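Me: I would like to go through this model feature by feature. For each one, give me the general idea and then the case at hand.

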Amino acid sequence: MPPSPAKRRIVLLGATGSIGENTLKVVAAHRDRLELVGLAAHGRHERLAEIAREFGVRHVAIHDATAFAAAQAAGAFPAGTTLYQGAAGLSELATLAEADLVLVAVVGTAGLEPTLAAIRAGKEIALASKELLVMAGQFVTAAAREHRVRLLPVDSEHNAVFQCLEGHAVADVRRVILTASGGAFRDWPLERLAGATPQDALKHPTWAMGPKITIDCATMANKGLELIEAQWLFGLRAEQCEAVLHPQSTVHCLVEFTDGSVLTQLCPPSMTFPIQHALLHPERSPHGTEAALALGRREFSFDFRPVDLARYPLLGLAQAAMRAGGVAPAVYNAANEIAVAAFLAGRVPFLAISAAVEHTLQHIALPTPRTLADILAADAEARALTHAHLSQLPAPR
Ligand code: MG
């Protein structure tokens, strides 16, 4: 093993999203330990050019072809910048010779190929895109094992579990319980949910995040996806992964061992904490951007309540998909993405999201996937089926 370099050199896939912006805060606060060497985003090239100038980044990939052409025409990147285009460009960036670690924070399936390419190139992976493990956990974890690459979880709950499991054997774990805020409708009367609007659903009680994930918190599809993600990250059985309602979003997981002891991890509800942990791992360093919890100096109380599956049917559907295995989690994810997009566009009511996912899971074939192509085919079929189902529904009043 070569000696580790003084700075960990990072490629950031998804630089302009919510995780990307929080990552920039962490890197800016730890410039002695962290260096950005590559940036990628879907299309926001003006913001990418700003980040490239601020952090002195010379390698930049733009996924969208129109945005790539606009970026070239604008000439806003510093002289000496290499621009990479499209899906192939993201994979090139993910295997950059000077990179040590690739942080994957791109939405949806666009991160799959670059992540696999980075693993094959032996890069460390910090994983924020939960869809990758939900869709292709079997293939991503097999590649990571083969190339001896550790997957460092960036999602707050999984980062918490990772911290609790250090120094422990997974065989000694009875249950991993992920905490959930319950989202915008946690305290709404059930009968009001039928009339819930996108504006209502986007009012998250504790976390500030992008619109898709905020809707997924209101339905708890996000927690469902996270249970599936946890199963793959930590090598657990489906029935070992559970969720609990925790309105304060300060305790991020509960790991129960076979002897009845429970370990947990606490920090304020800000993504900068798990991002810093993953990027500096195994080192610890003062948090550069935010204050820690003032435990013992002011009053705190932490509540834990069982999840009501009548309020959050998408959590139960995720657990069923996880137990079914194969392509079922990919189908669940794809159907949910389509249904959430339709809800955000005002085309269908809130309760149509869970109904559409259930309908698609019931009406699609669930073959055992042999290759990544089988998963992508099931993903495409699930999207088409969900579109067809939703297009028959009347628009909300
Ligand atoms: Mg999370």
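Me: Which residues are linked in a network of salt bridges?

Reply: A salt bridge here is a side-chain nitrogen of Lys or Arg within 4 Å of a carboxyl oxygen of Asp or Glu. In this predicted model, where residues are numbered from 1 along each chain as its sequence is written, such a network links Lys 130, Asp 155, Glu 157, Lys 223 and Glu 226. Local features need pLDDT of at least 70 and side-chain atom pairs count only at pLDDT 80 or more, while totals for chains, interfaces and linings use all residues; side-chain values use heavy atoms, with hydrogens and water left out.

Me: How far apart are the closest N and O atoms of Lys 223 and Glu 226?

Reply: The closest N and O atoms of Lys 223 and Glu 226 are 2.7 Å apart. Helices (H or I, at least four residues) and strands (E, at least two) are DSSP runs, numbered from the N terminus. Both residues belong to helix α10 (residues 221-234), with a separation of three residues, about one turn of the helix. An α-helix has 3.6 residues a turn, so residues three or four places apart point the same way.

Me: Are Lys 223 and Glu 226 buried or exposed?

Reply: Buried means under 20% relative accessible area, exposed over 50%, and partly exposed in between (1.4 Å probe, protein chains only). Lys 223 is buried at 4%, and Glu 226 is buried at 1%. Two other members of the network, Asp 155 at 8% and Glu 157 at 6%, are buried as well.

Me: Which residues coordinate the magnesium ion?

Reply: Donors are N, O and S atoms within 2.8 Å of the metal (3.2 Å for Na, K and Ca); water is not among the atoms, so sites may look incomplete. The magnesium ion has donors from Asp 155 (OD), Glu 157 (OE) and Glu 226 (OE), at 2.1 to 2.3 Å. Along the sequence, these donor residues follow the spacing D-x1-E-x68-E.

Me: How many salt bridges does the structure hold, and which parts of the chain does the pair Glu 256 and Arg 174 link?

Reply: There are 18 salt bridges in the structure. One of them joins the side chains of Glu 256 and Arg 174 at 3.1 Å, N to O. This pair connects distant parts of the chain, with Glu 256 in strand β10 (residues 251-257) and Arg 174 in strand β8 (residues 173-180), 82 residues apart. Glu 256 is buried, at 12%, whereas Arg 174 is partly exposed, at 40%. Another bridge pairs Arg 186 with Asp 187, with 3.4 Å between the closest N and O atoms. Arg 186 is buried at 15%, while Asp 187 is exposed at 53%.

Me: How many residues does the largest nonpolar core have?

Reply: In soluble globular proteins, nonpolar side chains tend to be buried together. A nonpolar core is a set of buried Ala, Val, Leu, Ile, Met, Phe, Trp, Tyr and Cys residues joined through side-chain atoms within 4.5 Å. The largest one in this model has 133 residues, and Leu 103 and Tyr 332 have the most contacts inside it. Helix α13 (residues 328-344) supplies the largest share, eleven residues. Domain bounds come from an automatic or database domain assignment; the core takes at least three residues from each of domain 1 (8-128) and domain 2 (184-241 + 308-391).

Me: With which residues is Leu 103 in contact?

Reply: Contact means heavy atoms within 4.5 Å. Beyond its neighbours within four places in sequence, Leu 103 has contacts that include Val 11, Ile 19, Ala 126, Ile 275 and Leu 279.

Me: Where is Ala 278 found?

Reply: Ala 278 is in helix α11 (residues 272-280) and is buried, with a relative accessible area of 1%. Outside its neighbours within four places in sequence, Ala 278 is in contact with residues including Arg 8, Leu 101, Leu 152 and Asn 159.

Me: What span should helix α12 have?

Reply: The expected span of a helix is 1.5 Å times one less than its number of residues. For the twelve residues of α12 (residues 313-324) that gives 16 Å, and the end C-alpha atoms are 17 Å apart, which agrees. Its buried residues include Leu 314, Gln 319 and Met 322, and among the elements covering the buried residues are α10, α13 and α14 (351-363). Gly 325 follows α12 and has a positive phi, near 70 degrees.
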